[in-house]
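Please find below my notes on the model, set out as numbered points. They concern selected side-chain pairs, strand pairing and one surface patch.

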Amino acid sequence: MRRKDREVTDRARMDEVIRDADCCRVAWNEPGGPYIVPMNFGYSVEGETRVFYFHGAFEGKKIDFVREQPEVGFQLDTGHRLVSGGAVASAWSFDYASIIGKGIISFVTEPEEKRKALLLLMEHYTGRTDWALPPAMLERVNCLKLTVRSMTCKISVHPASAPS
């Protein structure tokens, strides 16, 4: 990372950034350039491993890519705030926090792991964990698991915009 002064290596702080994000973008390679899919997600820490869970249909381009290219890139961002620089355009800036990483994406096939994935996803967006997940619903939804291999975090907060 070029801006070491903005790099975050504390795992707990990185997890906070992830919890604050509302979209995880997953990228695959395809001829002509990357294919990026924004997705809702759930997140867990399993020992030293970070895991993202997603849900969706059983068919489509994304599903084809999961089968063909399990190695993916991912990105999340949050904390967006425009920082005024007054009358000088080059003095303006932007606050944000971002995570960029790589991992392996796979299908979740076991019903209990699917249940876990969907509960984590619902908890991420609602804060609740008491959802009913009938077996018939679990059969109708496809879940994906992204096991993180590496990730970096960058936080840019300018003193003029920092909360007091």
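1. Which residues does Lys145 touch, not counting residues up to four places away in sequence? In this predicted model, the contacts of Lys145 are Glu46, Val51, Phe52, Tyr53, Ile104, Ile105, Ser106, Val108 and Glu113. Lys145 itself belongs to strand β8, which spans residues 142-156.

2. Is Lys145 buried or exposed? Its relative accessible area is 18%, and because the limit for a buried residue is under 20%, Lys145 is classed as buried. The side chain of Lys145 also has a polar partner: a contact of 3.1 Å joins it to the side chain of Glu113.

3. The pair formed by Glu113 and Lys145 also qualifies as a salt bridge, with the closest N and O atoms 3.1 Å apart. This pair connects distant parts of the chain, since Glu113 sits in helix α3 (residues 111-126) and Lys145 in strand β8, 32 residues apart. Glu113 has a relative accessibility of 24% and is therefore partly exposed, whereas Lys145 is buried. As a general remark, side chains of opposite charge can pair when their charged atoms come close.

4. How many salt bridges does the count give? The count comes to eleven. Among them is the bridge between Arg11 and Glu48, in which the closest N and O atoms are 3.9 Å apart. This pair, too, links distant parts of the chain: Arg11 is placed in helix α1 (residues 11-20), and Glu48 in the loop between β4 (42-46) and β5 (49-56), with 37 residues separating them. Arg11 is partly exposed at 36% relative accessibility, while Glu48 reaches 63% and counts as exposed.

5. A further salt bridge is made by the side chains of Arg128 and Asp130, at 2.9 Å from N to O. Here Arg128 is partly exposed, with a relative accessibility of 38%. Its partner Asp130 has a relative accessible area of 56% and is exposed, because the class begins over 50%.

6. Turning to strand pairing, β4 and β5 run antiparallel and are joined by five bridges. One of the residue pairs places Ser44 opposite Val51 in β5 as its bridge partner. Val51 also appears among the contacts of Lys145. The hairpin of β4 and β5 has two residues between the strands, and within this hairpin Gly47 adopts a positive phi near 70 degrees. Glu48, the partner of Arg11 in a salt bridge, lies in the loop between these two strands.

7. How many bridges join β5 to β8? There are six, and the two strands run antiparallel. Gly56 has Asn142 in β8 as its bridge partner. Strand β5 is thus paired with β4 and also with β8, the strand in which Lys145 is found.

8. Finally, which residues form the nonpolar patch on the surface? The patch consists of Leu82, Trp92 and Phe94, which together have about 310 Å² of accessible area. Leu82 is located in strand β6, residues 71-83. With a relative accessible area of 55%, Leu82 is exposed.

Definitions and conventions. Residues numbered from 1 in each chain as written. Predicted model: local features only at pLDDT ≥ 70, side-chain atom pairs only at ≥ 80, totals over all residues. Heavy atoms only, no water. Helix = DSSP H or I, 4+ residues; strand = E, 2+ residues; numbered from the N terminus. Buried < 20%, exposed > 50% of the residue type's maximum accessible area, 1.4 Å probe, protein only. Polar contact = N/O pair within 3.5 Å; in protein donor to acceptor, adjacent residues only side chain to side chain. Contact = heavy atoms within 4.5 Å. Salt bridge = Lys/Arg side-chain N within 4 Å of Asp/Glu carboxyl O. Pairing = 2+ DSSP bridges. Patch = residues over 30% accessible without salt bridge, like charges linked within 9 Å, V, L, I, M, F, W, Y side chains within 5 Å. Areas by Shrake-Rupley, 256 points an atom, 1.4 Å probe, with all protein chains shown as cover.
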